[in-house]
Amino acid sequence: MKQEGAYYSDFTEEEFAADEYFQQWVLLPDEETERYWKWYTQNHPAQQIAINNAFKLVQHLAETGFHIPFLSHSEKQALRDNIFQQISIPDKTVVRGLPHKKIKWWTLSAAVIAALIVVRVFLPIHTPGQTAAVAMASHETGLRQVKEIILPDSSVVVLNGNSSLRYNSDFATASVREVFLDGNAYFHVQQTPSLTPFIVHANQLSISVTGTEFNVNARTIATNVVLTSGKVNVTLEKDKRKTVYMQAGYSLNVDTISNELITARVDTSLYTAAWNLGEWHFEETSLETVARLIKEYYGMEMVFTTEAQRRLMITAVISVNDFTTFIQVIEKTLNISIQTKNQQLIIINPQSKQL
């Protein structure tokens, strides 16, 4: 649950109404939000009135056709600031002869609507896959084509084959640098003096950094992130409570069944050598690991016909850009045969070559 309820313990009704998880419960309830807010109200009876009032406010705004957006952290903070500027009144203040607690709901609603309009005018609302009213620059690569892209802030993205990258045309001056990735890429993010956030949207993940290097494989919904230097935080966009703070030397995978973010230690030299030197540096590396890299980098799946094949070990330095030679070196070094069929690499033992 959301920090076991401590997160909301001092929320006012205005703050509840401005919170996107609360809004989700009111406007788009599901089993999880219903369970959480039922538990919260039962365990925090002192806030029952504030919760009820906030619930009515959000409903009222929705009924008027003004749907509260699901806001980013900065947008939410701006919303709250605007709300407080217009309706925050000391507890003992009397308005037109009425105590603060008796302020009419239509007055509160009008004030919040005004605040929301201010936010919409001055802060563009960003959602995964789109940026409101801003043209997008885009880059694409063909199968096994690699392209180096220098972003307007001097960050470098090495875009792998059969991938695409999009970003705002006002990227250099935007308050948040956002890019949208489909496929596989390696990022060298430039740290800015103002520490402007840099966010990569990849499938269902948001990856937030200031200056670092990392690999993102978003070819499938089981998105993978490998951090080679610096720090990042990775958030599941459909459940923003699930955030992992990563350090260099770790990888992160999305478990598509449980929707959990799973981290593990990883040999980052395999990635840095491939992206920075254009070479695969394998040193007693299992063929199972090589297969995973092939799938990430080239978009081809290696099919094992026996479990023993997964445990075969290879030591070699191979060019990243010469895929044919890469496969030949693996075959010769491990004494196996690899057949290509429908974007799959099928491994066949020598004694089975005739099959």
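**Exercise 1. Work out how helix H10 sits against its neighbouring strands, and which sheet those strands belong to.**

Start with the helix: H10, residues 323-334, lies across E21 and E22 and runs at about 145° to E21. Contact here means heavy atoms within 4.5 Å. Angles run from 0 to 180 degrees between N-to-C directions, with axes fitted to C-alpha atoms, for helices over the stretch in contact. Helices (H or I, at least four residues) and strands (E, at least two) are DSSP runs, numbered from the N terminus.

A quick word on the model: it is predicted, so to speak of local features takes pLDDT of at least 70 and side-chain atom pairs count only at pLDDT 80 or more, while totals for chains, interfaces and linings use all residues. Residues are numbered from 1 along each chain as its sequence is written, and side-chain values use heavy atoms, leaving out hydrogens and water.

Next, the sheet. It is open, with three strands in the order E19-E22-E21 and mixed pairing; two strands pair if DSSP finds at least two bridges between them. E19 (301-303) and E21 (337-341) are the edge strands, each with a single partner, so one side of each has no neighbour in the sheet. On average, neighbouring strands are turned by 25° against each other, direction ignored.

Last, zoom in on one pair: E21 and E22 (residues 344-348) run antiparallel over five bridges. Gln339 stands opposite Ile346 in E22.

**Exercise 2. Find the residues at the heart of the largest nonpolar core, and say which elements feed it.**

First, the rule: a nonpolar core is a set of buried Ala, Val, Leu, Ile, Met, Phe, Trp, Tyr and Cys residues joined through side-chain atoms within 4.5 Å. Buried means under 20% relative accessible area, exposed over 50%, partly exposed in between (1.4 Å probe, protein chains only).

Now the members: there are 33, and Ile294, Phe326 and Ile330 touch the most others. The elements giving two or more residues include H7 (269-277), E18 (279-286), H10 and E22. H8 gives the most, with seven residues.

Then take Phe326: leaving aside residues up to four places away in sequence, its contacts include Trp280, Phe282, Val290 and Tyr298. Another core, of 31 residues, lies apart and has Val200 and Leu236 among its members.

**Exercise 3. Is Arg241 buried or partly exposed, and where is it?**

Place it first: Arg241 is in the loop between E14 (231-236) and E15 (243-247). Its relative accessible area is 27%, so Arg241 is partly exposed. Finally, Arg241 and Tyr21 are 220 residues apart in sequence, yet 9.2 Å apart in space, C-alpha to C-alpha.
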